[in-house]
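Q: Could we go through this structure together? I would like to start with how the chains meet and then turn to the surface.
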Amino acid sequence: MKKDMIVAVCLAIVIVIMSYIATLGGGLGPLFNGVRPLTIIYLNTTLNIHNPNFTAMSPEAVTAIVWDYRGLDTLFETAVFYLAIIGSVAIYRGIDEKLRISEGFGLSKIVKVVTKLLIPMNIAIATSIALHGHLTPGGGFQAGAAMAVIPMLLIIAFSRYFLLDIRLSRGLALALRSVGLLGIALTVFIPVVIGLVNGLNAYIMQNQAKVNAPVSLPAFVGSSLISGSLIMYNVSEFLAVTFGFTLLFILLSIEEGLVKEQMRGEGVEH
Amino acid sequence: MNINIDEFLANISLISLIAIIGISLYGIFARPNIIKKIIALTIFTDAANLLAILVGFRRPPSIPPVLLNLQPSPEDIRYFTQVAVDPLPQALVLTAIVIGMAVNLLIIFIALQVYRLYGTLDVRKVRRLRG
Amino acid sequence: MELTYLLLAISMLFALVATYLAIVEKSLVKAVVYSALQSVSFTLALYLLKAPDIVLVYLPITVGVYPAAILFLIRKTEEVEEV
């Protein structure tokens, strides 16, 4: 233990000496001098009301890239997320859970009360991150990650039977996650439908009007900026990520004895 | 000797990041326990992501890629393009972290299944026992 | 001297020490704790690199969710790595 610590500190000192030598020898090239021309384009058009044919109408360049400029990439990333969850569900196929009362399980009363106080705050923060994702740092992925802490807290503090008591079963989590994915899928096709109805050109996942495709989703509601499709993508991705992780935690907390019993009962080698 | 202290400090960060990648690769290949391999794999992912962010950094004074003005004038936008850091690596890393976590959980479930079938998580023993 | 670079170098060296300890540690629970320490110093580095979006997504996942999931796995399987 102590020996490991000494070795680690020696390693750090070696790194410092190596960096000194590298700096004396001219360094590792010019660090952090300017950015690529592509970046200038992104930064220049993220919210540019003077150039209405190329803007994404969002002051947050990261959300604009995630759901507008490189939207199809994110769509396929979401598909990978979907497949990872389906793979986990497939490992646990056919394993039923017995219903039990959650009383008597979990940690002490103090922990439970503190958890109950924390959860409304956590929900408020996560919802705020999701709904302001196009204005301030945040968005669907961040809000989903913040919200995913809640089922983990509930399972650790109250035991997993509490989730069944409040009727948050595997099926419900899967259904709500599918609602999120459906929201994304519908938002992808909204501009195409508008274009078909009005006889205009439109692209899949289009947000604001382009030169040869004049369909654009509303960037303002009243005087508040909603950035067209970005807010819808953020809210849908928030649902999908939150309930995807909830589903995985529910699976992770199934008792091992139960699983082994049912695997042996089947008599099937997996 | 007279050196540029900023460059020295930036080189320390870069070289220690590369060293972290090396150590975690050692963990993935040489440690026998699957859980230790998973831990090393997550450290490797994090280091790769941080390297991507580091590439998009700009010399201070720089700001995050968020416009603070909702009705920006052309001067505001010009200033923004001159000081904001690169948002593209951030957008790619953002999805990579969340999707990586879901894939890691899938790997955790597979490790659990290996333990159920073989009764051990040591890859040397798993190799000897044939299911 | 720029304070950003100084804090960045310190947090990366701290992350290096934590990574080394996480990899060589025999007790898996302690290894997870060291890995979480490494994540905390990476979070500081991300904040210094002007990436608030990544901080928001990285902190809950690697400090909250991921150690808890690994601890679940350790509780169901083995606690010590035999070398």
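A: Before counting residues, a definition is useful: contact means heavy atoms within 4.5 Å. Please also note that this is a predicted model.

Q: Fine. With that meaning, how many residues do chain B and chain A bring to their contact?
A: Chain A brings 63 residues to the contact, and chain B brings 55 residues.

Q: And how much area is buried there, between chain B and chain A?
A: The two chains bury about 5400 Å² between them, with 75% of it on carbon and sulfur atoms.

Q: Why quote an area at all for an interface?
A: The accessible area lost when the parts come together is often used to give the size of an interface.

Q: How many salt bridges are there between chain B and chain A?
A: The count is one salt bridge. It joins the side chains of R36(A) and D86(B), at 2.7 Å from N to O.

Q: Which elements of chain B touch chain A there?
A: Those that give two or more residues to that side are α1 (5–30), α2 (34–55), α3 (74–83) and α4 (87–118) of chain B. Of these, α4(B) gives the most, with 20 residues.

Q: How many residue pairs are in polar contact across the interface of chain B and chain A?
A: There are eight such residue pairs, both residues being at pLDDT 80 or more.

Q: Let us move to chain C. What does its contact with chain A look like in residues?
A: Chain A supplies 30 residues and chain C supplies 20 residues. The area buried between chain A and chain C is about 2100 Å², and carbon and sulfur atoms give 80% of it.

Q: How many salt bridges and polar pairs does that interface have?
A: Between chain A and chain C there are zero salt bridges. Four residue pairs are in polar contact, with both at pLDDT 80 or more.

Q: Which part of chain A gives the largest share of the side that touches chain C?
A: That is α1(A), which gives eight residues.

Q: New topic: where is the nonpolar surface patch, and which residues make it?
A: L107(A), I110(A), V111(A), V113(A), V114(A), L117(A), L118(A), M121(A) and I156(A) make a nonpolar patch of about 810 Å². Helix α5 (residues 109–131) of chain A gives the most to this patch, with seven residues.

Q: Take L117(A) as one case: is it buried or exposed?
A: L117(A) lies in helix α5 of chain A. Its relative accessible area is 56%, so L117(A) counts as exposed, the cut-off being over 50%.

Conventions: Residues are numbered from 1 along each chain as its sequence is written. Chains are lettered from A and ligands numbered from 1 in the order in which they are written. This is a predicted model: local features need pLDDT of at least 70, side-chain atom pairs count only at pLDDT 80 or more; totals for chains, interfaces and linings use all residues. Side-chain values use heavy atoms; hydrogens and water are left out. Patches are made of residues with over 30% relative accessible area and no salt bridge: like charges are joined within 9 Å, nonpolar side chains (Val, Leu, Ile, Met, Phe, Trp, Tyr) within 5 Å. Accessible areas come from the Shrake-Rupley method with a 1.4 Å probe; for residues, only the protein chains shown count as cover. A salt bridge is a side-chain nitrogen of Lys or Arg within 4 Å of a carboxyl oxygen of Asp or Glu. Helices (H or I, at least four residues) and strands (E, at least two) are DSSP runs, numbered from the N terminus. Buried means under 20% relative accessible area, exposed over 50%, partly exposed in between (1.4 Å probe, protein chains only). Buried area is the accessible area (1.4 Å probe) that two parts lose on being put together, summed over both. A polar contact is a pair of N or O atoms within 3.5 Å; within protein, one must be able to donate a hydrogen and the other to accept it, and residues adjacent in sequence count only if both atoms are side-chain atoms.
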